[in-house]
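Got your viewer open? Let's take a short walk through this protein, one selection at a time.

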Amino acid sequence: MKLPDTYQYKDGRFYCENVGLDQIALEVGTPCYIYSKSSIESSFRLLSEAFVKVDPLVCYAVKANSNQSILMLLKELGSSFDIVSGGEFFRLDRSGVSPDRMIFSGVGKTLDELTLAVERSIFCLVVESVFEVTQLSKICQEKRKLSRISIRFNPDIDAGTHPYISTGLAQHKFGLDMAAVEAGLEIIQDNPFLELVGIGSHIGSQILDVQPYMDAFDKVMQLAEQLRSKGHAIEHVDLGGGFGIPYRDEPAPDFDLLASFLAERCSGYRILMEPGRFIVGKAGVFLTKVLGCKTNHGKSFYVVDGGMNDFIRPALYNAYHNVLPVSECEGTGIADVVGPVCESSDFFAKDRTLPNLPPGELLAVMDTGAYGFVSSSNYNSRPRVAEVLVDDDSFRIIRSRESWDDLIRHEEI
Ligand code: LLP
């Protein structure tokens with residue numbers, strides 16, 4: 001599996017496709033997020049081709065990057081979508097995505113969200129608790145509307161990823177265990193408006209080894225067979241999301257192995273998958289500018305104009321992201337790259353070997369297309385940054401930079 005080299009140096013300048021990042025900084029300012037259209041297209045296609053044997057229904061996890069232009073692009077590529085809130089439904093609805101291309105996951109849907117999903121007849125509602133089945137059952141009965149549902153099973157499998165983004169163990173809040181499945185089935189069986197069409201699991205995110213998927217799916221498939229034998233017309237099995245990307249030089253997931261396993265183990269079922277990061281992660285960079293260099297007790301820090309409010313993955317998960325200068329700079333040294341926010345967790349890189357970076361130099365924090373902008377905030381009253389989409393040798397702003405007025409727009413005195 002090889003993802004294209006979307007970001008490259010050419011004659012000493014750093015490019016996204018055929019646009020110099022310095023050019024974007026000049027016109028849009030910093031900090032900003034930059035995404036490559038062709039990278040998103042190729043990772044979407046790569047996934048479809050890798051799993052061609054099982055012809056999966058790819059439901060892009062909107063939470064990874066929910067910019068309207070990105071959603072529109074994926075809609076045009078033929079993607080279906082995995083949503084986790086009424087807000088994500090609204091985004092897709094505004095993009096003209098039909099509800100029959102949406103599945104609705106999430107451990108805590110409100111009554112309003114459940115009602116919306118029922119009224120608008122989404123493709124499938126993924127239930128995550130017995131209380132949710134009870135509430136949904138009532139809504140469907142009252143509205144006399146049919147709801148297609150699938151059960152998210154908790155397989156008690158360790159995905160081998162960061163504990164904060166691991167979701168398939170017994171100790172986690174996600175999914176239903178066997179006892180809860182039994183209880184849920186009783187409610188489903190009693191209600192002609194609930195149609196159980198799927199079963200699946202989502203064991204975590206940034207998973208590089210496919211073995212945990214296969215272990216989880218052994219359990220999911222056993223359950224699927226049991227449900228069919230009880231008379232439920234199970235159409236699909238849902239692998240969840242979670243395919244990891246190499247942030248350093250880790251080997252990418254072995255899709256061939258997983259595809260062969262699925263082809264053998266799941267014949268007679270439609271396969272669903274909910275990838276987010278894999279589709280958009282490598283497509284994006286966060287562009288920030290060096291304000292200056294300081295030393296404290298012999299340790300060097302490059303202070304940049306982007307902060308943890310703009311990109312939180314290093315602060316939240318101690319996540320590693322490559323940081324590259326946009327022009328070729330001389331010299332070398334070891335330094336942290338830190339933001340202006342008043343927290344010691346406000347860093348992008350620690351003890352990193354970097355060239356000598358003068359004030360004004362631009363830095364690209366790599367692989368930030370997933371869980372970047374979407375997890376940003378206004379902390380420290382910092383306006384959210386602009387987002388830019390590059391298409392070959394042109395680019396356009398797909399979300400404008402917030403202003404100071406935006407910061408207080410919803411506040412009242
Ligand atoms: N499906 C469900 C039910 C999910 O909860 C998630 C992600 C996905 C699909 C998509 O997973 P992906 O393919 O993107 O790994 N903020 C964290 C990641 C949180 C993932 C939450 N759930 C990070 O920056 O690593």
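How many residues of domain 1 are in contact with domain 2, and how many of domain 2 with domain 1? Before counting, bear in mind that what you have on screen is a predicted model.

Start by colouring the two domains. Select 7–36 together with 281–407 for domain 1, then 105–275 for domain 2; these bounds come from the domain assignment. Put a marker at each C-alpha centre and you'll find the two 36 Å apart.

Now go to where they meet. Here's the count: nine residues on the domain 1 side are in contact with eight on the domain 2 side. The area buried between the domains comes to about 820 Å², and carbon and sulfur atoms give 62% of that. Next, show K282, Y317 and Y320 as sticks: they supply 58% of what domain 1 buries against domain 2, more than any other three residues.

What sort of residues does domain 1 put against domain 2? Colour that side by type and you get four nonpolar, two polar and three charged residues. Despite those charged residues, the number of salt bridges between the domains is zero. Polar contacts do turn up, though, with two residue pairs across the interface.

Last stop: the ligand. Select what surrounds it and you should pick up 17 residues, with S205, G242, E274, R313 and Y371 the closest. Zoom in on R313, where a polar side-chain atom sits 2.6 Å from a ligand oxygen. Then swing over to K63, which has a side-chain N or O atom 3.2 Å from an oxygen of the ligand. For H202, the corresponding distance to a ligand oxygen is 3.5 Å.

To finish, switch on the surface. On its own the ligand has 580 Å² of accessible area, and the protein covers 89% of it.

Definitions and conventions
Residues are numbered from 1 along each chain as its sequence is written. This is a predicted model: local features need pLDDT of at least 70, side-chain atom pairs count only at pLDDT 80 or more; totals for chains, interfaces and linings use all residues. Side-chain values use heavy atoms; hydrogens and water are left out. Domain bounds come from an automatic or database domain assignment. Contact means heavy atoms within 4.5 Å. Buried area is the accessible area (1.4 Å probe) that two parts lose on being put together, summed over both. A salt bridge is a side-chain nitrogen of Lys or Arg within 4 Å of a carboxyl oxygen of Asp or Glu. A polar contact is a pair of N or O atoms within 3.5 Å; within protein, one must be able to donate a hydrogen and the other to accept it, and residues adjacent in sequence count only if both atoms are side-chain atoms. Ala, Val, Leu, Ile, Met, Phe, Trp, Tyr, Cys and Pro count as nonpolar, Asp, Glu, Lys and Arg as charged, and the others, Gly among them, as polar. A residue is near a molecule or strand if one of its heavy atoms lies within 4 Å of it. Accessible areas come from the Shrake-Rupley method with a 1.4 Å probe; for residues, only the protein chains shown count as cover.
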